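Please open the model in a viewer and keep the sequence panel beside it. The tour below proceeds by selections, each followed by a short account of what is there.

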Amino acid sequence: MKIARIVDSPHAVYQFDWSPIRGCKEECKYCLTRKNFVQEKGHFNPEFLPDVLEKIDRYHPHPEQGPASGNVACCTWGEAFGPWVPREWIEAVISKVRKNSRWEFLFSTRYPWRMTEFEWPENVWLGTTVDRQGKVADAEEAFSRLPGHLLKYVSLAPLLEPIKFSRPELFSWFFISGLKYSFPLVKALADPIVEQARSVGAAVFLDWGWHLDASWDHESNPVAREIPVRNGRT
Ligand code: SF4
């Protein structure tokens with residue numbers, strides 16, 4: 001079993017967001033990050049922020065809680081592994097991740113093959129987004145090339161249609177979500193994914209912080225919020 005612990009809040013997955021690489025050249029219709037950036041800054045162009053990169057060395061959001069440790073969501077304000085992203089940007093981020101081993105860094109991409117081009121330290125969770133069946137084969141093939149000791153996960157966010165994995169054992173964590181304001185987390189779509197995850201002992205996190213379709217019943221069918229284990233660390 002790869003489940004380390006169960007949390008009671010969708011916000012318990014990570015302590016803070018660190019995004020030295022931002023922006024994206026894709027134009028996914030449902031991308032709220034793109035929408036927010038364009039509204040606030042007038043563009044969503046790829047950019048690298050050296051000052052943000054450096055901050056991770058000294059950042060500690062809760063000093064009153066003792067030594068800094070926990071999970072950091074990394075480069076969520078865009079796509080950090082798109083083909084347009086210079087290799088040096090990604091290597092600079094990985095170098096900081098390696099240096100700051102007190103944190104676990106969660107990455108996610110729609111370009112899983114790009115992740116295979118780099119050497120990763122152990123304190124990472126590498127995820128790839130699968131929102132439609134057509135993305136499964138590529139995600140599985142690419143992630144099968146990543147070193148087996150790394151924590152690998154799949155982000156079904158948003159889960160838009162029925163999805164069947166051929167090699168669910170590649171993933172330690174299935175993160176499943178709907179889409180804020182527009183597409184609920186649909187139980188009929190989520191249940192088969194949960195079954196596939198259970199069949200390989202993977203952890204499941206249903207992010208119903210957005211909204212659920214009407215068929216969810218919290219009393220008799222509480223949603224799963226599980227965090228995976230990696231090399232004995234939680
Ligand atoms: S690839 Fe990701 S960041 Fe880029 S537009 Fe699509 S959802 Fe947004």
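## Helix H1 and the ligand

Begin by selecting residues 32-41, which form helix H1; of these ten residues the number buried is one, so the helix lies largely in the open. The model before you is a predicted one. Extend the selection to glycine 42, which follows H1 and has a positive phi, near 85 degrees.

Now show the ligand. Which residues are around the ligand? They are Cys24, Glu26, Glu27, Cys28, Cys31, Thr33, Arg34, Gly78, Glu79 and Arg110. By class, this shell consists of five charged, three nonpolar and two polar residues.

## The whole chain

Step back and colour the protein chain by secondary structure: six helices and eleven strands appear. The chain has 234 residues, and 34% of them are buried. Among contacts with a separation of 6 or more, 70% link residues that stand 24 or more positions apart in the chain.

## Cysteine 75

Select cysteine 75, in the loop between strand S5 (70-74) and helix H3 (87-99). Its phi is near 55 degrees, a positive value in a residue other than glycine. Is cysteine 75 buried or exposed? It has 23 C-beta neighbours inside 10 Å and therefore counts as buried, the cut-off being 20 or more.

## Helix H5

Move on to residues 136-143, helix H5, and highlight Ala139, Glu140 and Phe143, which are buried. Viewed down the axis of H5, these buried residues fall within an arc of 95 degrees, so they line one face of the helix. Then display what they pack against: helix H4 (112-115), strand S7 (124-129) and strand S8 (151-156).

## Strands S7 and S8

Keep S7 and S8 on the screen. The two strands run parallel and are joined by five bridges. To see one pairing, select leucine 126, whose bridge partner in S8 is lysine 152.

Next, isolate S8, where six of six residues are buried. In a regular strand, side chains alternate between the two faces of the sheet. Display the side chains of S8: Leu151, Tyr153 and Ser155 point one way, while Lys152, Val154 and Leu156 point the other way, and all are buried.

Continue along the chain to the peptide bond from alanine 157 to proline 158, which is cis, with omega near 0 degrees. Proline 158 belongs to the loop between S8 and S9.

## Helix H6

For the last stop, select residues 187-199, helix H6. How far apart are the end C-alpha atoms of H6? They are 18 Å apart, which agrees with the 18 Å that its 13 residues should span at 1.5 Å a residue.

Colour Ala190, Ile193 and Ala197, the buried residues of H6. Seen down the axis of H6, these residues fall within an arc of 65 degrees, so they line one face of the helix. Give a second colour to Ala188, Asp191, Glu195 and Ser199, which are exposed on the other side of H6.

Finally, show what covers the buried residues of H6; this includes S8, strand S9 (173-177) and strand S10 (203-207). Just after H6, locate glycine 201, where phi is positive, about 70 degrees.

Technical notes
Residues numbered from 1 in each chain as written. Predicted model: local features only at pLDDT ≥ 70, side-chain atom pairs only at ≥ 80, totals over all residues. Near = placed C-beta within 6 Å. Nonpolar A, V, L, I, M, F, W, Y, C, P; charged D, E, K, R; others polar. Buried ≥ 20, exposed ≤ 12 C-beta atoms within 10 Å, placed from the backbone. Helix = DSSP H or I, 4+ residues; strand = E, 2+ residues; numbered from the N terminus. Arc of directions from axis to C-beta. Contact = placed C-beta atoms within 7 Å. Expected span 1.5 Å × (residues − 1). Pairing = 2+ DSSP bridges.
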